[in-house]
Amino acid sequence: MKYFNNGWVNGLVGVMIFAGSLPATRVAVLEFSPTFLTAARAAIAGLFAVLLLVLLQQQLPKRVDWLPLFYVAIGVVVGFPLFTALALQYVSAAHSIVFIGLLPLATAIFGVVRGGEKPSQKFWFFAILGAALVFGYMLVQTKSWLFHYGDFYMVLAILLCGFGYAEGGRLSKHLGGWQVICWALLLTLPVMLWISWLYMPNSFADISWSAKLGLIYVSIFSMLIGFFFWYKGLAQGGIAAVGQLQLLQPLFGLAIAAVLLHEHVSITMFAVTVAVIACVACAKKFA
């Protein structure tokens, strides 16, 4: 029963919340522009973040923390939402979810670069194998040696998100998990409010409720609440242990895309996702 403590429960809830991000983005981007969607989700989450920071009387971070907080904002507040929204104009949510299997690996690699860790050769073997599986899948899908626009955007999204996770992980050790995302959102709030106003649709009356709900989900849950559960789980159960739950995110995402969006999840797509998860799990084991 020790494996089912509060850390694992909170971590699992966080992963399940994040798993709905791409399907919700897919629905929202059909009617909102990627620029507005990116800015609006950050602006809405940022307003709630300010409210939390004020109500809970949080002290300002030290001067040395602001640059890493800016990196977090670039990675998870701006970069990942923007490039996934761009990607989902060209590919299905199910297709994009295959790339999420590389997110734990991307986070680990940036952890090596930023933290000075030295993984074993076995780690790099499984890291390269996982990347090769994803690259091979893209070649089969596009039937070309050229990247699809959606694939290119997803690669950028994963790289930026991995970078933002690594920076946030370092900061959360002394700032606290939910505080990191709240301060990062606050940092970008003025710009995101301005961009939201510039790219706001002429009328929300013509926007379907499904698109509005997609915007609400990625704003409140993906951009804010999910991080609360995720970082709390890491703090309670340990980063190395609870962090493995993130490998379940692609499977949750594929299930959501199939059930709610009625998207076709091919056997190949499912097999590649499972294989990538296995490779990342092995890479983490030998890191």
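**View 1. Trp194 and its nonpolar neighbours at the surface.** In this predicted model, Trp194 counts as exposed because its relative accessibility is 52%, and the cut-off for exposed is over 50%. The residue belongs to helix 9, which covers residues 177–198. Look around Trp194 and you will find the rest of a nonpolar surface patch, made up of Val191, Trp194, Trp197, Leu198, Tyr199, Met200 and Phe204. Together these side chains offer about 770 Å² of accessible area.

**View 2. A salt bridge within helix 8.** How many salt bridges does the structure hold? There is one, and it joins the side chains of Arg170 and Glu167, with 3.1 Å from N to O. Side chains of opposite charge can pair when their charged atoms come close. Both partners, Arg170 and Glu167, sit in helix 8 (residues 149–175), where they are three residues apart, or about one turn of the helix. Their surroundings are worth a look too. Arg170 is partly exposed, at 36% relative accessible area, while Glu167 counts as buried, at 1%.

**View 3. Helix 4 and its kink at Gly79.** Helix 4 runs over residues 66–87, a stretch of 22 residues. How far apart should its ends be? At 1.5 Å a residue, helix 4 should span 32 Å, and the 30 Å between its end C-alpha atoms agrees with this. As you follow the helix, pause at Gly79, where there is a kink of about 40°. The proline Pro81 comes shortly after that kink.

**View 4. Gln57, between helix 3 and helix 4.** Start with helix 3, whose 22 residues reach 32 Å from the first C-alpha to the last, close to the 32 Å expected at 1.5 Å a residue. What sign does the phi of Gln57, which follows helix 3, have? The phi is positive, about 50°, although Gln57 is not a glycine. Gln57 is found in the loop that links helix 3 (34–55) to helix 4. Its side of the story at the surface is simple: with a relative accessible area of 69%, Gln57 is exposed.

**View 5. Helix 1, with Gly7 beside Gly233.** Helix 1 takes in residues 6–19, and its 14 residues reach 20 Å from first C-alpha to last, close to the 20 Å expected at 1.5 Å a residue. Several of its residues are buried, among them Asn10, Val15, Ile17 and Phe18. The glycines Gly11 and Gly14 are buried in this helix as well. Gly7 also lies in helix 1. Is Gly7 buried or exposed? Gly7 is buried, because its relative accessible area is 1% and buried means under 20%. Now find Gly233: it is 226 residues from Gly7 along the chain, yet the C-alpha atoms of the two are separated by 4.0 Å.

**View 6. His148 and Val91, brought together from separate parts of the chain.** His148 occupies the loop between helix 7 (121–142) and helix 8. With a relative accessible area of 31%, His148 is partly exposed. Where along the chain is its neighbour in this view? Val91 is 57 residues away in the sequence, and the C-alpha atoms of His148 and Val91 are separated by 8.9 Å.

**View 7. Ala257 in helix 12, with Ile97.** Helix 12 covers residues 249–260 and includes Ala257. At 0% relative accessibility, Ala257 counts as buried. Its partner in this view is Ile97, 160 residues apart from Ala257 along the chain. The C-alpha atoms of Ala257 and Ile97 are separated by 9.1 Å.

**View 8. Two buried cysteines, Cys161 and Cys182.** Cys161 is buried, with a relative accessible area of 2%. Cys182 likewise counts as buried, at 0% relative accessibility. A disulfide is a covalent bond between the sulfur atoms of two cysteines. How many disulfides does the structure hold? The number is zero.

**View 9. The setting of all these close-ups.** Stepping back, the chain has 13 helices and zero strands. Buried residues account for 50% of its 287 residues.

Key: Residues are numbered from 1 along each chain as its sequence is written. This is a predicted model: local features need pLDDT of at least 70, side-chain atom pairs count only at pLDDT 80 or more; totals for chains, interfaces and linings use all residues. Side-chain values use heavy atoms; hydrogens and water are left out. Helices (H or I, at least four residues) and strands (E, at least two) are DSSP runs, numbered from the N terminus. The expected span of a helix is 1.5 Å times one less than its number of residues. The bend at a residue is the angle between axes fitted to the seven residues ending there and the seven starting there. Patches are made of residues with over 30% relative accessible area and no salt bridge: like charges are joined within 9 Å, nonpolar side chains (Val, Leu, Ile, Met, Phe, Trp, Tyr) within 5 Å. Accessible areas come from the Shrake-Rupley method with a 1.4 Å probe; for residues, only the protein chains shown count as cover. A salt bridge is a side-chain nitrogen of Lys or Arg within 4 Å of a carboxyl oxygen of Asp or Glu. Buried means under 20% relative accessible area, exposed over 50%, partly exposed in between (1.4 Å probe, protein chains only). A disulfide is a pair of cysteine sulfur atoms within 2.5 Å.
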